[in-house]
Amino acid sequence: MRHESRRLILLLLPAGIFFAAFFLLPMARLFFIGGSGKTGWAAYAAILTDAHYFSSLLSTLGVATATTAATLAISGISGVFLQRHKFPGNGALVAMLTLPLAFPGVVIGFMVIMLAGRMGLIGQVTQALTGEKLVFAYTMSGLFMGYVYFSIPRTILTVMAAAEKLDPRLEEAARSLGASPWRVVLDVIIPGLKPAFISAGAICFATAVGAFGTAFTLAAKINVLPMVIYTEFTLSANIAMAAALSFVLGIVTWLVLAVARTAAGSSVAAAG
Amino acid sequence: MKHRGLFLLQLGFTLVVCAFLIVPVILSIMAGLTVNYFVGIESGLTLRWVIEVWNGYRDTIFLSIGLSLACLVVTLILGVPAAYVLAKRQTALTRAMEELLVMPVAVPGLATALALIVTYGSLSGFRTSWGFILVGHVLFTLPFMVRSVLAVLSAIDLKTLEEGAASLGAGFWPRFRDIVLPNCRSGILAGSLMVVTLSMGEFNMTWLLHTPFTKTLPVGLADAYASLRLEVGSAYTLVFFLMIMPLLLALQAFAKPRPAKFVAEETE
Amino acid sequence: MTTQAGKPLAIALENCAKTFPDGTRALEPLDFAIHAGETVVFLGPSGCGKTTTLRIIAGLEEPDAGGRVLFDGEDVTRLPIEQRNVGMVFQSYALFPNMTVAGNIGYGLRIRGTQEAALKARVGEMLDMMQIARLADRRIDQLSGGQRQRVALARALAVRPRALLLDEPLTALDAKLRDTLRLDIDSLLRSLGITAIYVTHDQAEAMALGDRIVVMEHGRVAQIGEPREIYQRPATRFVAEFIGTMNRLTGSAKNGVFSCKAGNLPWAEAPANATEILFRPEDIRVAESHEETGLQGTVAAAFFLGDRTRLFVEVGEARPLVIESTARRAFRHGETVRLAIDPRGLVVL
Ligand SMILES: Nc1ncnc2c1ncn2[C@@H]1O[C@H](COP(=O)(O)OP(=O)(O)OP(=O)(O)O)[C@@H](O)[C@H]1O
Ligand SMILES: [Mg+2]
């Protein structure tokens, strides 16, 4: 047993060393640089005290929350459906739904432009129908659309993997007890997929908060924190402020994730 | 029949989602091949834009392929053993470790890149090599590998399977090789799919980590979107699609779960 | 390596207690010896420590400090399971989903570096022995529960272990399958002459399979003995009530007669302080009309079972007496019956 512990530590060590050298150490340095600017450590409070930073924080969290909710609903329905029903063309559908997995944020931005941009499909269709051209790619709605587009493929993969592990016998048992399809979804499928939902949702949220490729492509004017940080770093050459902002943003995201996980954990414990 | 209606409803919904994802891809492919997208398909088809992109941005393509494969190798070596340990030992320490490993996903890529630059940016040989970008990519993709493997390992009764193997005389390493690795294969494949594709497309960090000599494909794309006409951007995107498609299909074929359940149903 | 394949193993536990890290005391200090080639069944209610004992013997748990596990007199307490050469059958089967049936059965041999030809032959032998040859290339998820259990047995036996440990191997199966497999396991263990430890909470299974039975209660051994002994001479009330049906009469003994509400029972060896006597349904019967007997009661219920009638006879005790009558007559509810008890079946605790 003691021998085994040593082996387990050995297996964990490579990842641990890499992580300490290339993440923990640099982050610590970033933290100190964040406090080394003109305003000193007050830079860390700026995200709350400075109205401009604070409003971008709010809109960042808002768009991430909306993205997560929409993505989980969409991927939950389609993922379970595709895992449960094997029909001709199922494979092709899965392949198409997971295709954008490889798309960088910048490409997603371009896809949004293709749909909702000045020369986009939605604009053309709405112009033909109503005479008015609907263009929203370069706004927060465009960003939301892009993030949902971005998150669906990986969330569907996670949901499908979890749905595969779901014991179909549980469902059959519930149905044999007279549960309607909706009750089966509520009482068996959703609880069974909950861990997958939570982990996929958490990643979804974090990605939406931290990504900046899509916003970068859509417009410099979209007021989300990553864009603000980038502007501080490159245009204003204010490395300290950029460091402080990104550090705070990282902490916020991480806290949200931790809280989500704890809440899920305790409810799981209560159920079982 | 009620079930049939439900089936069709779900199918319809899934098809709409599919259209949302695929239609812009098709539009952009068309744009990359038309002489003038503003005029429309009537202006004629051409490979001019694609050739222009190939000549101008070839290097970014090769660099991205190499980077993502290197990233895969590193995350496999670091991530799979780590996931195994995390699955096996649920202590405060391993939980903290799991929490920490996910941080590079939680922390915006910009911040990670910034941190790497302020810490290692002065090592000029390292800063200008593709190894610098690789480090960032591994940080970002490692949690995906770990979580994907961990998810599979937590779903199977690893402890009893290992005890079964041990009772047959298998020591630690044989168990790891014969029982643990094969049984988390689906997780490893899903994780690999994630890692390669994420690395291919990583932009948030790479945009800051790259140098003029180490431009990856997404960096080139951003360049093209910002400075060149829509048709060139589309053509570049088309090249990206062409490049990623075989890889994606291959990985999907590998990652496809075995249809074992259906065989079982037939034979019972 | 302290163990070699082939000859059956004698196992001894010395002072083996188990306290889990969370403080659960699963096992009180236990001393116990298992003879080579013997089948010992651990029997007891859920949570009494059967699995824990088995896992200590297997090497999957270490006993608390001071405890020792001896294999043929050699201390193996610190030896991990993979070096003990014991075969193990798990309740959940623990078959490897990444291998076929044949792959599972051959795994132990492969680990031992057995040559391909010998390995194939042995796997074939095991498949035949378990009558599952046609399943050789199936995946595990394509097997029924009974088939899985056969594969698990074959896998454990393929390496010719020195002892076979089985943890409730039949609990997950239906009654009929359980009976078939129990017979198969029984003849298998007899023909192999292997030392076997079998954990169950099913007393019928324990009776049928065990050379000796260890009855456990709350992490302690309540009684160790042959099935007959456990049944006929239970050492404690717990054992008496846990195994089979026990009748009970309360009263007092004087001058070779036990007196109770049902009457007087002549019993020459009655211990002077006996206030309660216990006996099995088969040791009491309805007396013939010409017989002398001082005991009687009223029929509370009678169930005709074909070969016999199960009677519940009210005698003024907390519970009615259970009697298995083979008399070729019908019993009426409320009928008064005279009772005869065979004093050889009486137990005083
Ligand atoms: N890993 C563990 N950690 C803490 N307590 C444990 C652990 N394993 C078993 N126990 C406890 O030890 C006691 C004995 O458990 P054991 O599994 O040996 O019972 P058992 O007789 O095999 O019961 P069953 O018939 O239900 O399998 C139980 O109270 C159980 O809850
Ligand atoms: Mg048990």
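# Notebook: cavities, ligand 1 and chain folds

I began with the second largest cavity, which is lined by A:Ala206, A:Thr207, A:Gly210, A:Ala211, B:Val105, B:Val107, B:Pro108, B:Gly109, B:Phe140 and B:Asn204. The structure is a predicted model, and every value I note here is computed from it. I put the volume of this second cavity at about 60 Å³. I then looked up which element contributes most to its lining, and found helix α9 of chain A, residues 181-210, with three residues. Sorted by class, the lining has six nonpolar residues, four polar ones and no charged ones.

**Entry: the cavity search as a whole**

I asked how many cavities of 30 Å³ or more the whole structure holds. The search returned three. A note to myself on the method: rolling a probe the size of a water molecule over the atoms shows where empty space is left.

I went on to the largest cavity, which holds about 140 Å³ of space. I counted 18 residues in its lining, and those nearest its centre are A:Gly105, A:Phe150, B:Gly201, B:Glu202 and B:Asn204. I then checked which elements give two or more residues to this lining: they are α7 (140-165) and α10 (213-218) of chain A, and α10 (185-201) of chain B. The largest share, three residues, comes from α10(B). By class I recorded nine nonpolar, seven polar and two charged residues for the lining of the largest cavity. B:Asn204 appears in my notes for both cavities: it lies among the residues nearest the centre of the largest one, and it also lines the second largest.

**Entry: ligand 1**

Which residues surround ligand 1? I listed C:Phe20, C:Asp22, C:Thr24, C:Ala26, C:Ser46, C:Gly47, C:Cys48, C:Gly49, C:Lys50, C:Thr51, C:Thr52 and C:Glu168. By class, this shell has three nonpolar, six polar and three charged residues. Helix α1 of chain C, residues 50-58, gives the most to the shell, with three residues.

I looked up three polar contacts to oxygen atoms of ligand 1. A polar side-chain atom of C:Thr52 lies 2.5 Å from one such oxygen. For C:Gly49 the contact is through the backbone, with an N or O atom 3.0 Å from an oxygen of the ligand. For C:Glu168 I noted a polar side-chain atom at 3.1 Å from a ligand oxygen. Taken alone, ligand 1 exposes 630 Å², and the protein buries 63% of that.

**Entry: helix α1 of chain C**

Since α1(C) gives the most to the shell of ligand 1, I checked how covered this helix is. It is mostly covered, with eight of its nine residues buried. The buried ones are C:Lys50, C:Thr52, C:Thr53, C:Leu54, C:Arg55, C:Ile56, C:Ile57 and C:Ala58. C:Lys50 and C:Thr52 are therefore on two of my lists: they surround ligand 1, and they are buried in α1(C). Just after the helix, C:Gly59 takes a positive phi of about 100°.

**Entry: two single residues in chain C**

I looked up C:Asn247, which sits in strand β11, residues 247-254, of chain C. Is C:Asn247 buried or exposed? It counts as buried because its relative accessibility is 2%, where the cut-off is under 20%. Its side chain reaches the backbone nitrogen of C:Val322 at 2.7 Å.

C:Gln147 sits in helix α4 of chain C, residues 145-158. C:Gln147 also counts as buried because its relative accessibility is 18%, against that cut-off of under 20%. I also looked up the spacing between C:Gln147 and C:Asp342: they are 195 residues apart along the chain, and their C-alpha atoms are separated by 46 Å.

**Entry: chains B and C**

For chain B I recorded 14 helices and zero strands. Its C-alpha trace spans about 70 × 65 × 25 Å along the principal axes. Of the 268 residues in chain B, 60% are buried.

Chain C has eight helices and 19 strands. Its C-alpha trace spans about 75 × 45 × 35 Å along the principal axes. Of its 349 residues, 50% count as buried.

Methods. Residues numbered from 1 in each chain as written. Chains lettered and ligands numbered in written order. Predicted model: local features only at pLDDT ≥ 70, side-chain atom pairs only at ≥ 80, totals over all residues. Heavy atoms only, no water. Near = heavy atom within 4 Å. Polar contact = N/O pair within 3.5 Å; in protein donor to acceptor, adjacent residues only side chain to side chain. Areas by Shrake-Rupley, 256 points an atom, 1.4 Å probe, with all protein chains shown as cover. Helix = DSSP H or I, 4+ residues; strand = E, 2+ residues; numbered from the N terminus. Nonpolar A, V, L, I, M, F, W, Y, C, P; charged D, E, K, R; others polar. 1 Å grid on protein atoms, 1.4 Å probe; cavity = no way out; pocket = protein on both sides within 12 Å on 5 of 7 lines; lining within 4 Å. Points joined across faces, edges and corners; volume = space filled by probe spheres on them. Buried < 20%, exposed > 50% of the residue type's maximum accessible area, 1.4 Å probe, protein only.
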